[in-house]
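The exercises below are meant to be worked with the sequence and the 3D structure in view. Each task is followed by a solution in steps.

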Amino acid sequence: MPDFSGRCAACRYSPEASGAPFGSGCEELDVDSAEDNSPQNAPNTSDVTNEFYNLTANWTIGDWILTSITGYIERTEDFRVEYDAAQVEFLTVLAEQEYEQFSQELRINGDLPQNINLTAGLYYWNSEYDQFQESFDMWYYLGIGFGPEGGLWPGAVSSQLDGTGENEAYSAFASMDWQLTERLMLNLGGRITQEERKLATGTPNFMLNLPDGRAMEIMPGGQVQNFKDDWTEFSPRIALLYDISDDMMVFGSFASGFKSGGFFARTQNVDDINSYDPEYVDTYEIGLKSEWFDNRLRFNATAFYSDYTDKQEEVITNLGDGNVTTIVNNAADVEISGLELELTAQISRSLSGFLNTGFIDAEFSDFTVSDSEGNPVDNSGLELRNAPESTLNVGLDYYLPMGAIELGLHYNYRWRDEYHTILNNDERGLVDAGGFHSASVDLNWGEHFTISVYGRNIGDERYARVIPIGISTFGQYSPPDHYGVELNMSF
């Protein structure tokens, strides 16, 4: 188990140093937070090391190509997050995580008689992780059994949570492009996937952190429990593509997919850990892809309808003892329909532009939960989180050769409608509609060197994303307008 003794500044502060009375929470003292200022007690930090390895090999076997793709990832992370962003030491989390992943794909591609191209293969994926986190400070301010009368101080008591997990998946897949006529093609595809997920964890222990940096366990954690579940799913796809001309194509498709089930591994109470099943989605699409004026103008349009069943929704629940837990359930059915439009234009030899816009209508078709007394409550009238009804992205790019140097001028405007961030549509989680301007000036030397002067969010559009965490509420403002110089070198 990692040793964080001496690394939490809070455990060296007396109650008087924070100015917060026992059991006060921190909202009444959070007087300095604003769009441009969060009075944290120390910087949030993150130290991440990633190692990526990939090997792709191709063999020619007659008219067929056999491809092997092997991948390996190893990641270690050590971070500090202060969730309160207030002048008091209220909630600080220190954590260490290790992650390892291996994948192997074998794929073959070639032509069959009757104008059929076939791609088929096998895939294996395995990941393992080990996580540890220690949470400080909040028990003093919540008034849970510790106070000045007991000689304790903010940060004196912390809880430690650790766990390990393993995810493993096997799949077989095939995709066939069948040229039915000169202009009409049928695509048929499918993948069968078998997954197994494991988790080993227990209820957190509690530690007493002394001013001299030593720490002692005052309440042991619960016995480690082992969880395991598995699923087998089939994901089909069918599509028809018709070339109206050499520059215009229409298509229609149906695809069925799923999002994996699993366990929420940071649950504070091991008795609340549940296995949630996959969520499923059936998606229908029709669309147009076209090029005009000698390929100087491209216009694409796609209309879609997606029907989700057993949609996973996570709810952060207050356990009533200073701890919170996240429970994920297959709680809802959702219908989403929409339209996406894409336009790109080469206006002149040096000037190009683009416009992308999207419109969606998203709603719960069935979302019934139980209240504290076990009575069913219909929540189907809620709006989905993170689902703005409309979005727009437009931009211009201008390139001017200047001998060995190329000058690039870029402008981008991105707008999106309002949306919610909280499941129950709490007004604190309503993010207003907003538009964001960005621009840059680039100088390119050959293919390897680029220096850029940029401005992002030039109009200083600000918004906050707020999420309740049981007995507290955590929010972050978007970055203000900012400017900089960037040098890129490629080898």
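**Exercise 1. Salt bridges**

Task: State how many salt bridges a search of the whole structure finds, and describe the one between Arg385 and Glu313.

Solution.
- Step 1. The search of the whole structure, which is a predicted model, gives eight salt bridges.
- Step 2. In the pair of Arg385 and Glu313, the closest N and O atoms are 2.5 Å apart.
- Step 3. Arg385 sits in the loop between β15 (376-378) and β16 (390-402), while Glu313 belongs to strand β12 (residues 297-318), so the bridge ties together parts that are 72 residues apart in sequence.
- Step 4. Arg385 has 23% relative accessibility and counts as partly exposed. Glu313, at 4%, counts as buried because buried means under 20%.

**Exercise 2. Further bridges and a network**

Task: Give the N to O distances of the salt bridges Asp212 with Arg214 and Asp426 with Arg428, then find the network that includes Glu313.

Solution.
- Step 1. For Asp212 and Arg214, the closest N and O atoms are 2.7 Å apart.
- Step 2. For Asp426 and Arg428, the corresponding value is 2.9 Å.
- Step 3. Asp426 is partly exposed at 23% relative accessibility, and Arg428 is partly exposed at 45%.
- Step 4. Lys311, Glu313 and Arg385 are joined into one network by salt bridges that share partners.

**Exercise 3. The largest nonpolar core**

Task: List the residues of the largest nonpolar core and say which strand gives the largest share.

Solution.
- Step 1. The core has nine residues: Phe304, Ala332, Val334, Ile336, Phe364, Phe367, Leu382, Leu384 and Leu423.
- Step 2. At least two of these residues come from each of β13 (324-346) and β14 (351-370).
- Step 3. β13 supplies three residues, the largest share.
- Step 4. Take Leu384 as an example. Apart from neighbours within four places in sequence, Leu384 contacts Val334, Ile336, Ala362, Glu363, Phe364 and His420.
- Step 5. There is also a second, separate core of six residues, among them Leu199, Phe227, Phe263 and Ala265.

**Exercise 4. Aromatic pairs**

Task: Count the aromatic pairs and classify the pair of Phe254 and Tyr284.

Solution.
- Step 1. The count is eight aromatic pairs.
- Step 2. Phe254 and Tyr284 have ring centres 4.9 Å apart and planes at 45°. Angles under 30 degrees count as stacked and those over 60 as edge-to-face, so the rest are tilted; this pair is tilted.
- Step 3. Phe254 is in strand β10 (residues 248-259) and Tyr284 in strand β11 (residues 279-292), so the pair links parts that are 30 residues apart in sequence.
- Step 4. Phe254 is partly exposed at 22% relative accessible area; Tyr284 is partly exposed at 42%.
- Step 5. Phe364 and Phe367 also form a tilted pair, at 4.7 Å centre to centre and 35° between the planes. Both Phe364 and Phe367 are buried.
- Step 6. Phe102, Tyr124 and Tyr170 form one aromatic cluster.

**Exercise 5. A glutamine and the whole chain**

Task: Locate Gln160, decide whether Gln160 is buried or exposed, and then describe the chain as a whole.

Solution.
- Step 1. Gln160 lies in strand β5 (residues 157-179).
- Step 2. Its relative accessible area is 8%, so Gln160 is buried.
- Step 3. The side chain of Gln160 makes a polar contact of 3.4 Å with the side chain of Glu134.
- Step 4. The chain contains two helices and 24 strands, and 36% of its 491 residues are buried.
- Step 5. Of the contacts in the chain with a separation of 6 or more, 64% are between residues 24 or more positions apart.

Conventions
Residues are numbered from 1 along each chain as its sequence is written. This is a predicted model: local features need pLDDT of at least 70, side-chain atom pairs count only at pLDDT 80 or more; totals for chains, interfaces and linings use all residues. Side-chain values use heavy atoms; hydrogens and water are left out. Helices (H or I, at least four residues) and strands (E, at least two) are DSSP runs, numbered from the N terminus. Buried means under 20% relative accessible area, exposed over 50%, partly exposed in between (1.4 Å probe, protein chains only). Contact means heavy atoms within 4.5 Å. A polar contact is a pair of N or O atoms within 3.5 Å; within protein, one must be able to donate a hydrogen and the other to accept it, and residues adjacent in sequence count only if both atoms are side-chain atoms. A salt bridge is a side-chain nitrogen of Lys or Arg within 4 Å of a carboxyl oxygen of Asp or Glu. A nonpolar core is a set of buried Ala, Val, Leu, Ile, Met, Phe, Trp, Tyr and Cys residues joined through side-chain atoms within 4.5 Å. Rings of Phe, Tyr and Trp (its six-membered ring) pair if their centres lie within 6.5 Å; planes under 30 degrees apart count as stacked, over 60 as edge-to-face and the rest as tilted.
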